[in-house]
Amino acid sequence: MTECPICGAEIEKAADTVVGELLECADCGTELEVTSLDPFKVEEAPQEEEDWGE
Ligand SMILES: [Zn+2]
């Protein structure tokens with residue numbers, strides 16, 4: 001269990017969570033990347049600007 005770095009909500013680690021996995025905070029909807037499993041840590045996922053062209 002860790003906290004969302006954005007809103008502080010609790011983030012639960014699933015049994016099959018792996019480092020690099022993207023999770024979504026249920027509270028604020030921020031995309032979070034798992035950076036460590038033991039201890040469980042998440043960071044805000046880099047915002048990739050999709051360039052869909054014009
Ligand atoms: Zn959050």
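Tutor: Before we start, two residues are in contact if their C-beta atoms, placed from the backbone, lie within 7 Å. This is a predicted model, where local features need pLDDT of at least 70 and side-chain atom pairs count only at pLDDT 80 or more, while totals for chains, interfaces and linings use all residues. Residues are numbered from 1 along each chain as its sequence is written.

Student: OK, so which residues does Val42 touch?

Tutor: Leaving out residues up to four places away in sequence, Val42 touches Thr2, Pro5, Ile11, Leu23, Leu32, Glu33, Val34 and Thr35.

Student: And which residues are in the largest nonpolar core?

Tutor: That core has six residues, namely Cys4, Ile11, Cys25, Leu32, Val34 and Val42. A nonpolar core here is a set of buried Ala, Val, Leu, Ile, Met, Phe, Trp, Tyr and Cys residues joined through C-beta atoms within 7 Å, and a residue is buried if 20 or more other C-beta atoms lie within 10 Å of its own, exposed if 12 or fewer, and partly exposed in between.

Student: What share of the protein chain is buried?

Tutor: Buried residues make up 11% of its 54 residues.

Student: Switching topic, how many helices and strands are there?

Tutor: The protein chain has zero helices and five strands, where helices (H or I, at least four residues) and strands (E, at least two) are DSSP runs, numbered from the N terminus.

Student: Where is Ala14, then?

Tutor: Ala14 sits in the loop between strand 2 (10-11) and strand 3 (22-24).

Student: Buried or exposed?

Tutor: Ala14 is exposed, because it has 9 other C-beta atoms within 10 Å.
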